[in-house]
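Below is a colleague's note, set out as numbered points. Please read it beside the sequence and the coordinates.

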Amino acid sequence: GIRTADERRFVLRADFAEGNLAVLRAHHDRHRAAAQALRDVPGVNVPGLVWLDPERPIALFEFAPGETAYRELAFADHGLGDREVLLRRIGGAVAQLHAAGAVEQRRFWPKSHLERVQDRAAKVRAGDLQIRKPNRFLGLCAMLHRFAREARGLPYQAALQHGDLHFRNILITEDLVSFIDFSNARFSLPHSDIANLWLANLPDHLATGDGAQGQAVGFGGVARSDWAAFEAGYGARFTEDPVFRFLFLHRLYRSWLRLPAPGAELQERDITLLSGVETVFDWFQRNHTD
């Protein structure tokens, strides 16, 4: 953080772990485009990119105020805020972000996704790829093919996605929602942002239980009330969209691939991730069997 003599605030960021400077430049281009597109949208903000080092991965950004949405939601769970209002605001802000980068309607063709899924499944069956819970993983791969049949050829609104949207990359004040840390510069599927929002930090953000003792469980293990608030803010029923359903399940598949191979020591974070992955897949098995 940087504060000038006249009390202006900025953030100086260095991304030395990125490795590929061209990729980082593309991320910054996405950030700059989003900041420009949303500059006159009330209540939504992407902090401007003020300066970019021409040779090193260093950039100066405007300061984005507020707490992360992750912490604000945690505060709300302890009675220090309204979770429904927060999720409505976040949903509305994400909709504005996607609308700012919308380009055209396209049709969804899952072939490229399925080719990679099929390749990995074949390697698991042959013993060339070691993965946790291999039989369950293969069940997930088979389910992806079923979901793909439902989504194939359906229209969707193409837009520039954030690329790393999760609740720690959203900052909130009483009257402003800000997005930071963009990491995708392609015209792509905004559905992927929504899937990542809920699955990036498994098992965080899943429902605590069904019935009187906890939240009623909705699509993908997320609380039904959370989906209702977020979708109301966004203005779309994602959980009824076959394209989104496929991409949500595909994001779960990608989380499974991040788990250490069998025999490797599981760290605490790995254990919680495995728990979250299985919880979400359990929901799909209960609700989407042939």
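The points that follow take up the sheet, one helix, one residue of that helix, and the aromatic side chains.

1. The model is a predicted one, and every remark below should be read with that in mind.

2. The sheet is open and has four strands, which run in the order β1-β2-β5-β4 with antiparallel pairing. Because β1 (2-3) and β4 (49-52) stand at the edges and have a single partner strand each, one side of each is left without a neighbour in the sheet. The pairing of β1 with strand β2 (residues 9-14) is antiparallel and rests on two bridges, and within β2 it is Arg9 that serves as the bridge partner of Arg3. Arg9 has a further role in the description, since it also lies over the face of Phe63, at 3.8 Å from the ring centre.

3. Helix α3 (residues 83-100) comprises 18 residues and spans 26 Å from its first C-alpha to its last, which is close to the 26 Å expected at 1.5 Å a residue. Its N-terminal end is capped by Asp82, of which a side-chain oxygen lies 3.0 Å from the backbone nitrogen of Glu84. The buried residues of α3 include Leu86, Leu87, Ile90, Val94 and Leu97, and Arg83 and His98 are also among them.

4. Is Gln96, a residue of helix α3, buried, exposed or partly exposed? Its relative accessibility is 35%, and therefore Gln96 counts as partly exposed. Apart from neighbours within four places in sequence, Gln96 is in contact with Leu38, Val41 and Val44. Between Gln96 and Ala229 there are 16 Å in space, C-alpha to C-alpha, and the two are 133 residues apart in sequence.

5. The structure contains 22 aromatic pairs. One of them joins Phe137 and Tyr253, whose rings are stacked, with 5.7 Å from centre to centre and 20° between the planes. Since Phe137 belongs to helix α5 (residues 134-151) and Tyr253 to helix α8 (residues 242-257), the pair ties together parts that are 116 residues apart in sequence. Phe137 and Tyr253 are both buried.

6. One aromatic cluster is formed by a set of residues that includes Phe147, Phe167, Trp198, Trp227, Tyr234, Phe248 and Trp283. A charged side chain over a ring is found at Tyr70, where Arg168 lies over the face at 3.7 Å from the ring centre.

Notes. Residues numbered from 1 in each chain as written. Predicted model: local features only at pLDDT ≥ 70, side-chain atom pairs only at ≥ 80, totals over all residues. Heavy atoms only, no water. Phe/Tyr/Trp six-rings, centres within 6.5 Å; stacked < 30°, edge-to-face > 60°. Buried < 20%, exposed > 50% of the residue type's maximum accessible area, 1.4 Å probe, protein only. Lys NZ or Arg CZ within 6 Å of the ring centre and 35° of its normal. Expected span 1.5 Å × (residues − 1). Polar contact = N/O pair within 3.5 Å; in protein donor to acceptor, adjacent residues only side chain to side chain. Pairing = 2+ DSSP bridges. Contact = heavy atoms within 4.5 Å.
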